[in-house]
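Work through the exercises below with the sequence and the model open. Try each task before you read its solution.

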Amino acid sequence: MFKRLSETLAAYQARDPAARSKLEIFLLYPGVHAILFHRVSHWLYRHRLFFLARLNSQIARHITGIEIHPAPGSAAASSSTTVWASSSERPQRSETMCSFTTALPWAALERTRGSGTPPLETAS
């Protein structure tokens with residue numbers, strides 16, 4: 001459990017030049033809080049405690065503004081903030097925009113391993 005937390009904090013620290021310490025990231029970053037809440041919600045969901053899993057995810061959404069559904073395979077997150085799909089340049093108004101996708105820790109880990117940008121998941 002602590003190894004995974006340490007890996008998550010390291011991924012945030014590697015991607016955020018303003019982050020000075022893992023303690024700062026742990027205490028102040030709402031994305032980290034959302035991930036931690038999600039892990040608890042997902043555990044509850046896997047143990048068939050569906051109501052408690054959704055309740056926990058809603059509490060997390062209220063606290064962080066980020067909602068991640070606890071079901072397996074639903075790593076799609078949403079936020080009240082809309083960001084550009086491409087952070088390298090600002091797209092024209094006609095280009096597609098997406099909701100939320102800042103530096104999620106697993107995406108940062110994949111990029112540091114050299115596999116490039118993770119593909120976007122599509123609803124099927």
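## Exercise 1: Confidence

Task: Find how many contacts the model has beyond four places in sequence for residues 108-112, and judge the chain's confidence.

Solution. Start with residues 108-112. Their pLDDT stays under 50, and the model has 10 contacts for them beyond four places in sequence. Keep in mind that this is a predicted model. Next, take the whole chain. Its average pLDDT is 74, and 59% of the residues score at least 70. Residues 79-104 have a pLDDT below 50, with 21 contacts in the model beyond near neighbours in sequence. Finally, apply the general caution: where pLDDT is low, predicted coordinates should not be read in detail.

## Exercise 2: Aromatic pairs

Task: State how many aromatic pairs the structure holds, and classify the geometry of Y12 with Y29.

Solution. The structure holds 2 aromatic pairs. Take Y12 and Y29. Their ring centres are 6.1 Å apart and their planes meet at 85°. Planes over 60 degrees apart count as edge-to-face, and this pair is edge-to-face. Now place the two residues. Y12 sits in helix α1 (residues 2-15), while Y29 sits in the loop between α2 (22-28) and α3 (30-46), so the pair ties together parts 17 residues apart in sequence. Both Y12 and Y29 are buried.

Turn to Y45 and F50. Their ring centres lie 4.8 Å apart with planes at 70°, so this pair is edge-to-face. Y45 has a relative accessible area of 24% and is partly exposed. F50, at 35%, is partly exposed.

## Exercise 3: The nonpolar core

Task: List the residues of the largest nonpolar core, and name the elements that give two or more residues to this core.

Solution. The largest nonpolar core has 11 residues: L5, L9, Y12, A19, I25, Y29, V32, A34, I35, I66 and I68. The elements giving two or more residues to this core are α1, α3 and β1 (66-68). Next, look at A34. Leaving out residues up to four places away in sequence, A34 touches T64, I66 and I68. As a general point, nonpolar side chains tend to be buried together in soluble globular proteins.

## Exercise 4: Helix α3

Task: Check the span of α3 against the expected value, then list its buried residues.

Solution. Helix α3 has 17 residues, and at 1.5 Å a residue the expected span is 24 Å. The end C-alpha atoms of α3 are 24 Å apart, which agrees. The buried residues in α3 are G31, V32, A34, I35, H38, S41, H42 and L44. After α3 comes R48, whose phi is positive, near 60°.

## Exercise 5: Salt bridges

Task: Find how many salt bridges the structure holds, and which residues are linked in a network.

Solution. The structure holds 3 salt bridges. Take R20 and E24. Their side chains meet at 3.6 Å, N to O. R20 is exposed at 69% relative accessibility, whereas E24 is buried at 18%.

Now take R54 and E67, which meet in a salt bridge at 3.2 Å, N to O. R54 lies in helix α4 (residues 50-64) and E67 in strand β1, so the pair ties together parts 13 residues apart in sequence. R54 is partly exposed at 30%.

E67 also meets R61 in a salt bridge, at 3.9 Å, N to O. R61 is partly exposed at 39%. The network therefore links R54, R61 and E67.

Technical notes: Residues numbered from 1 in each chain as written. Predicted model: local features only at pLDDT ≥ 70, side-chain atom pairs only at ≥ 80, totals over all residues. Heavy atoms only, no water. Phe/Tyr/Trp six-rings, centres within 6.5 Å; stacked < 30°, edge-to-face > 60°. Helix = DSSP H or I, 4+ residues; strand = E, 2+ residues; numbered from the N terminus. Buried < 20%, exposed > 50% of the residue type's maximum accessible area, 1.4 Å probe, protein only. Core = buried A, V, L, I, M, F, W, Y, C linked by side-chain atoms within 4.5 Å. Contact = heavy atoms within 4.5 Å. Salt bridge = Lys/Arg side-chain N within 4 Å of Asp/Glu carboxyl O. Expected span 1.5 Å × (residues − 1). pLDDT = per-residue confidence, 0-100.
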